[in-house]
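User: Please take a close look at the largest pocket of this model. Which residues and elements line the largest pocket, and what is found in the loops?

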Amino acid sequence: MIEDTMKAWHHVVTSKDEAALDAILADEVVFHSPVVHTPQAGKPITKLYLTAAMHVLNNGTFKYLREIVSGNHAVLEFLTEIDGIVVNGVDMITWGADGRIIDFKVMLRPLKAINLIHRMMGEMLQKLK
């Protein structure tokens, strides 16, 4: 099951397929942003944040460097470059028994990248609302 969900996640990232994203998110999914203090609960807000991130981060330079999967958890390290700033991050994903994502946490580095992503995500979220 986890292999199918991982394959579906990679499809979402490479294709920016919002319908496929919707299909793999559980209704009760919780999103943990690297720049928002509180966890964002529920499918609509999580889908909004992940869709915005796909537009901001996945600009042709985005790539996963490594992937660690254990049980129903995955850690995926990524790298992208935006406006000359190298952004290094980690997606930590947990799936439920049905194979849909129930928890998604993003961590970023360095500080310069966090500040850039914070600004760009805010702008993209306004466009998507």
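Analyst: What follows describes the pocket and then the backbone of three loops.

The model is a predicted one, and its largest pocket holds about 340 Å³ of space. The lining of this pocket is made up of 25 residues, and those nearest the centre are Phe 31, Tyr 49, Ala 53, Leu 57 and Met 121. By class, 20 of the lining residues are nonpolar, four are polar and one is charged. Among the elements, helix 1 (2–15), helix 3 (43–57), strand 6 (101–109) and helix 4 (111–128) each contribute at least two residues to the lining.

Two of these contributors, strand 6 and helix 4, are connected by a loop in which Pro 110 is found. The peptide bond that leads from Arg 109 into Pro 110 is cis, with an omega near -15°.

Helix 1, another contributor to the lining, is followed by a loop between helix 1 and helix 2 (18–24) that contains Lys 16. Lys 16 is a residue other than glycine with a positive phi, near 55°, and its relative accessible area of 34% makes Lys 16 partly exposed.

A positive phi is also found at Asp 83, about 50° in a residue that is not a glycine. Asp 83 sits in the loop between strand 4 (73–82) and strand 5 (85–95), and Asp 83 counts as exposed because its relative accessibility of 62% is over the 50% cut-off.

Technical notes:
Residues are numbered from 1 along each chain as its sequence is written. This is a predicted model: local features need pLDDT of at least 70, side-chain atom pairs count only at pLDDT 80 or more; totals for chains, interfaces and linings use all residues. Side-chain values use heavy atoms; hydrogens and water are left out. On a 1 Å grid over the protein atoms alone, a cavity is a set of points where a 1.4 Å probe fits but cannot get out, and a pocket is an open set with protein on both sides within 12 Å along at least five of seven lines; lining residues have an atom within 4 Å of a point. Grid points are joined across faces, edges and corners, and a volume is the space filled by probe spheres set on the points. Helices (H or I, at least four residues) and strands (E, at least two) are DSSP runs, numbered from the N terminus. Ala, Val, Leu, Ile, Met, Phe, Trp, Tyr, Cys and Pro count as nonpolar, Asp, Glu, Lys and Arg as charged, and the others, Gly among them, as polar. Buried means under 20% relative accessible area, exposed over 50%, partly exposed in between (1.4 Å probe, protein chains only).
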